[in-house]
Amino acid sequence: MTIDYAALLDIADQAAKNAYVPYSKFHVGAALVADDGTVFPGCNVENVSYGLTNCAERTAIFSAVVSGHQRFSAIAIVQHANDEPCWPCGACRQVLAEFNPDMDVIFREGSGVRVTKLHELLPHCFDATRLKVK
Ligand code: THU
């Protein structure tokens with residue numbers, strides 16, 4: 001399936017407008033693509049108890065899982081109205097890797113698009129291969 005990365009970045013930017021960010025004022029948006037092409041937006045949701053803040057990327061993942069999706073091919077991430085890459089935090093990298101370390105991670109870069117693989121952003125991530133789950 002071909003993905004229109006520019007359109008995906010626009011969806012992420014729209015989501016970023018809805019971010020609840022009274023503390024940081026830093027609006028982040030994400031647009032996560034499921035294997036059937038469905039796009040799930042996400043934004044950051046802050047809390048007065050700062051550590052309870054949920055990042056845009058995890059909002060998108062959790063929303064998609066609620067809707068029955070667990071296979072993802074790409075995620076676009078933006079800071080609203082900013083054209084530099086908005087690199088995901090370490091926690092979000094790990095949560096995304098749970099579902100697909102090979103997914104494309106899409107950013108704005110100047111007037112263009114930058115495409116990376118999640119495993120480039122989180123090499124040697126913790127995974128289940130050595131877990132002894134009975
Ligand atoms: N934030 C995200 O939404 N995603 C990230 O990957 C990094 C940080 C949010 C959390 C907080 O609301 C704001 O950006 C400033 O840290």
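A pocket is an open set of grid points with protein on both sides within 12 Å along at least five of seven lines, and its lining residues have an atom within 4 Å of a point. The analysis below applies this to a predicted model.

The largest pocket is lined by Gln94, Ala97, Glu98, Pro101, Cys125, Phe126, Asp127, Ala128 and Leu131. Its volume is about 150 Å³. Nonpolar residues account for 6 positions of the lining. The remainder comprises 1 polar and 2 charged residues.

The ligand has its own set of neighbours. Ser24, Phe26 and Val28 are among the residues that surround the ligand, as are Asn44 and Glu46. Thr53, Cys55, Ala56 and Glu57 also belong to this shell, together with Pro88 and Cys89. By class, the shell holds 6 nonpolar, 3 polar and 2 charged residues.

Polar contacts to ligand oxygen atoms involve both side chains and backbone. A polar side-chain atom of Glu46 lies 2.5 Å from an oxygen atom of the ligand. For Asn44, an N or O atom of the side chain is 2.9 Å from a ligand oxygen. Ala56 contributes through its backbone, where an N or O atom lies 3.0 Å from an oxygen of the ligand. On its own, the ligand has 380 Å² of accessible area, and the protein covers 77% of this.

Charged side chains also pair within the protein. The structure contains 5 salt bridges. One of them joins the side chains of Arg108 and Asp10, with an N to O distance of 3.9 Å. Arg108 sits in strand E4 (residues 104-109), whereas Asp10 sits in helix H1 (residues 5-17), so this salt bridge ties together parts that are 98 residues apart in sequence.

Note on methods:
Residues are numbered from 1 along each chain as its sequence is written. This is a predicted model: local features need pLDDT of at least 70, side-chain atom pairs count only at pLDDT 80 or more; totals for chains, interfaces and linings use all residues. Side-chain values use heavy atoms; hydrogens and water are left out. On a 1 Å grid over the protein atoms alone, a cavity is a set of points where a 1.4 Å probe fits but cannot get out, and a pocket is an open set with protein on both sides within 12 Å along at least five of seven lines; lining residues have an atom within 4 Å of a point. Grid points are joined across faces, edges and corners, and a volume is the space filled by probe spheres set on the points. Ala, Val, Leu, Ile, Met, Phe, Trp, Tyr, Cys and Pro count as nonpolar, Asp, Glu, Lys and Arg as charged, and the others, Gly among them, as polar. A residue is near a molecule or strand if one of its heavy atoms lies within 4 Å of it. A polar contact is a pair of N or O atoms within 3.5 Å; within protein, one must be able to donate a hydrogen and the other to accept it, and residues adjacent in sequence count only if both atoms are side-chain atoms. Accessible areas come from the Shrake-Rupley method with a 1.4 Å probe; for residues, only the protein chains shown count as cover. A salt bridge is a side-chain nitrogen of Lys or Arg within 4 Å of a carboxyl oxygen of Asp or Glu. Helices (H or I, at least four residues) and strands (E, at least two) are DSSP runs, numbered from the N terminus.
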